[in-house]
Amino acid sequence: MSPTPPRIAILGAGSIGCYLGGRLAPVADITLIGRPAGMAVLRDKGLTLTTSGASAHRLPPTALRTATHADAAGDADIVLVTVKSADTLTAARDLAPHLGARTVVCSFQNGLRNTRLLREALPGHTVLAGMVPYNVVQTEPGHFHQGSGGPLMLDDTPAARPLTAALAEAGLAVRPHADMRGVQHAKLLMNLNNALNALSGQPLRHQLAQRAFRRCLALCQSEALAAFRAEGITPVRLTPVPTALTPHLLRLPDGLFRRVARRTLAIDAHARSSMWEDLERGRATEIDHLQGEIVAMAARHSLPAPVSARVVRLVHEAETAPPGIRRAWTGPDLLSELTSARRSL
Ligand SMILES: NC(=O)c1ccc[n+]([C@@H]2O[C@H](COP(=O)([O-])OP(=O)(O)OC[C@H]3O[C@@H](n4cnc5c(N)ncnc54)[C@H](OP(=O)(O)O)[C@@H]3O)[C@@H](O)[C@H]2O)c1
C-alpha cells in the first residue's frame with residue numbers, strides 16, 4: 001500500500017461505483033456516495049464483488065464508509081463520477097460547492113458528453129475521462145458481478161497518475177490513453193448493443209451468438225460510423241478487428257463468427273446489459289445518450305439515422321410498458337423492424 005492512501009469519493013454508488021470502490025478499498029480511503037436505500041444495504045450486508053474464475057472480494061460493513069450527499073466528497077483527493085448520464089449535471093452541481101481546490105474528478109461513465117458537462121460545471125478542476133470496458137450487474141443487494149473483461153482506460157496525463165497507480169495497486173487492469181475522445185466513441189459503438197440486448201431480454205452471450213441480433217447491431221454501427229466520419233472522429237481500435245470492419249464481422253454466419261470473435265463472446269453466460277437491468281427495475285435508461293447520440297450527430301450533418309431513431313423509440317416504449325408485458329424481441333423480428341425503418345426513409 002502507498003504510504004498515504006489517496007482519499008477517493010465515488011459519486012453514484014451503483015453497479016460501477018460499488019465495483020470500483022470495493023476493489024479500491026484495500027488501497028485507498030474510499031467513500032461511497034449513493035442513494036439512501038442502496039447505502040443502507042451496504043451498511044447492513046457489506047459488499048461482495050465477484051468475477052468468474054477469480055475469488056470473491058468481500059468487504060464487511062465496517063470496511064465501508066457510505067454517504068448520501070455530495071458534501072462527503074469534500075476532503076477527497078479524487079472523485080469518481082459513476083452516475084447514469086442523465087444525472088451527471090445534477091451530480092456536478094451537487095459536488096461543485098464541496099470540492100477541494102486540487103480535487104481531480106474522473107468520469108467512469110458511458111456516453112460522449114459527461115466529461116464535457118463535468119468540465120463546464122466544475123471550472124478550475126481537472127476532469128479526466130475514464131472508460132469501463134466491462135459489464136457489472138447487481139445480482140442481489142450488495143453483490144456486484146463483473147461479467148466480462150478488459151482494461152479500464154483513462155486520460156494519459158500527469159493528473160491521472162495517482163488514480164492510475166491506485167487502480168493498478170488494487171489489481172485492476174488499467175491503460176492510460178492519449179485519445180480518450182476516440183476511446184469514448186469506440187465504446188459507444190459497443191454500447192449500441194445495450195439497447196438491443198435490453199430489447200431481447202436475453203443474456204448477452206446468447207443474444208450475440210445469434211446472427212439476426214448481430215445484423216441489428218451492424219445496422220446501428222454502420223449509421224454510427226457514418227456519423228463519426230462526418231464529425232471527423234476516428235474511434236480508437238479497442239478490439240483485434242478495426243472498427244470500420246466490425247459491422248462486416250457481425251454479419252458473419254454464427255459458426256464463423258464464433259471462431260473469429262472469441263473475445264466478443266467471452267462474456268459470462270448470465271451477463272446482461274445494464275440497460276436491461278434499468279428496464280427490469282422500471283428506471284429510465286441511457287438510450288438518449290447512446291443511439292440518441294447517433295441520431296443527434298447524424299442530424300448535425302444532414303445524414304439519415306432511421307435505425308438508431310427506431311431503437312430509441314422502441315426503448316422508450318419499453319420504459320413505459322406496464323410491468324410484465326414488455327415485449328421480448330426475437331432476433332428476426334427486431335431485424336425486420338430495423339430494416340423496415342431503414343427502407344421507410
Ligand atoms: N453497469 C455496467 O455494466 C456499466 C459498464 C460500463 C459503463 N457503465 C456506465 O457507468 C455509468 C454508471 O452505470 P451503472 O450501471 O453503475 O449505474 P447504476 O447502477 O444506476 O448506478 C448509479 C447510481 O448512482 C445513483 N445516483 C444518481 N445520482 C446520484 C446522486 N446525485 N447522488 C447519489 N447517488 C446518485 C443512482 O441512483 P438512482 O438509480 O436512484 O438514480 C444509482 O444507484 C453509466 O454511464 C453506464 O453507462 C456501466
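Mentor: Let's start with a rule: two strands count as paired if DSSP finds at least two bridges between them. Keep in mind that what you have here is a predicted model.

Trainee: What makes β8 and β11 a pair?

Mentor: Strand β8, residues 126-131, and β11 have two bridges between them. The rule asks for at least two, so β8 and β11 count as paired. They run in the antiparallel sense. Want to see one match-up? Take G130, whose bridge partner in β11 is L154.

Trainee: How do you know that β11 also pairs with β12?

Mentor: Same approach. Four bridges link β11 and β12, and this pair is parallel. At least two are needed, so β11 and β12 pass. Look for L152, which stands opposite V174 in β12.

Trainee: Why is β12 called an edge strand?

Mentor: Walk along the sheet with me. Its eight strands come in the order β5-β2-β1-β6-β7-β8-β11-β12. Strand β12 (174-177) pairs on one side only, and β5 (65-67) does too, which makes them the edges. From one strand to the next, the twist averages 25°.

Trainee: Why is the pairing in that sheet called mixed?

Mentor: Compare two pairs in it. Strands β8 and β11 are antiparallel, while β2 (residues 29-33) and β5 pair in the parallel sense over three bridges. With both senses in one open sheet, "mixed" is the right word. In that β2 and β5 pair, T31 has R65 as its bridge partner.

Trainee: What lies across β2 and β5?

Mentor: Helix α2, residues 36-45, running at about 160° to β5. Angles here go from 0 to 180 degrees between N-to-C directions, so α2 and β5 point in roughly opposite directions. Helix α1 also lies across this sheet, over β1 (7-11), β2, β6 (78-81) and β11 (152-155), at about 160° to β2.

Trainee: Which strands form the open sheet of four?

Mentor: The order is β4-β3-β10-β9, again with mixed pairing. Its edge strands are β4 (57-59) and β9 (136-140), each pairing on one side only. Here the twist averages 20° from strand to strand.

Trainee: How do you know that β3 and β10 pair, and in which sense?

Mentor: Count the bridges: four join β3 (residues 47-51) to β10 (residues 143-146). At least two would do, so β3 and β10 are paired, and they run parallel. In β10, Q146 is the bridge partner of T51. Helix α1 (residues 15-24) packs on this sheet as well, touching β3, β4, β9 and β10, with its direction at about 95° to that of β3.

Trainee: On to the ligand. What makes the pair between E286 and the ligand a polar contact?

Mentor: A polar side-chain atom of E286 is 2.5 Å from an oxygen atom of the ligand. The cut-off is 3.5 Å, so the pair qualifies. The side chain of N110 does it at 2.8 Å, and S15 uses a polar backbone atom at 3.0 Å. The protein buries 87% of the 880 Å² that the ligand exposes when taken alone.

Trainee: Which residues come nearest, and what kinds make up the shell?

Mentor: Of the 23 residues around the ligand, the nearest are S15, I16, N110, V136 and E286. The shell divides into seven nonpolar, nine polar and seven charged residues.

Definitions and conventions:
Residues are numbered from 1 along each chain as its sequence is written. This is a predicted model: local features need pLDDT of at least 70, side-chain atom pairs count only at pLDDT 80 or more; totals for chains, interfaces and linings use all residues. Side-chain values use heavy atoms; hydrogens and water are left out. A residue is near a molecule or strand if one of its heavy atoms lies within 4 Å of it. A polar contact is a pair of N or O atoms within 3.5 Å; within protein, one must be able to donate a hydrogen and the other to accept it, and residues adjacent in sequence count only if both atoms are side-chain atoms. Accessible areas come from the Shrake-Rupley method with a 1.4 Å probe; for residues, only the protein chains shown count as cover. Ala, Val, Leu, Ile, Met, Phe, Trp, Tyr, Cys and Pro count as nonpolar, Asp, Glu, Lys and Arg as charged, and the others, Gly among them, as polar. Contact means heavy atoms within 4.5 Å.
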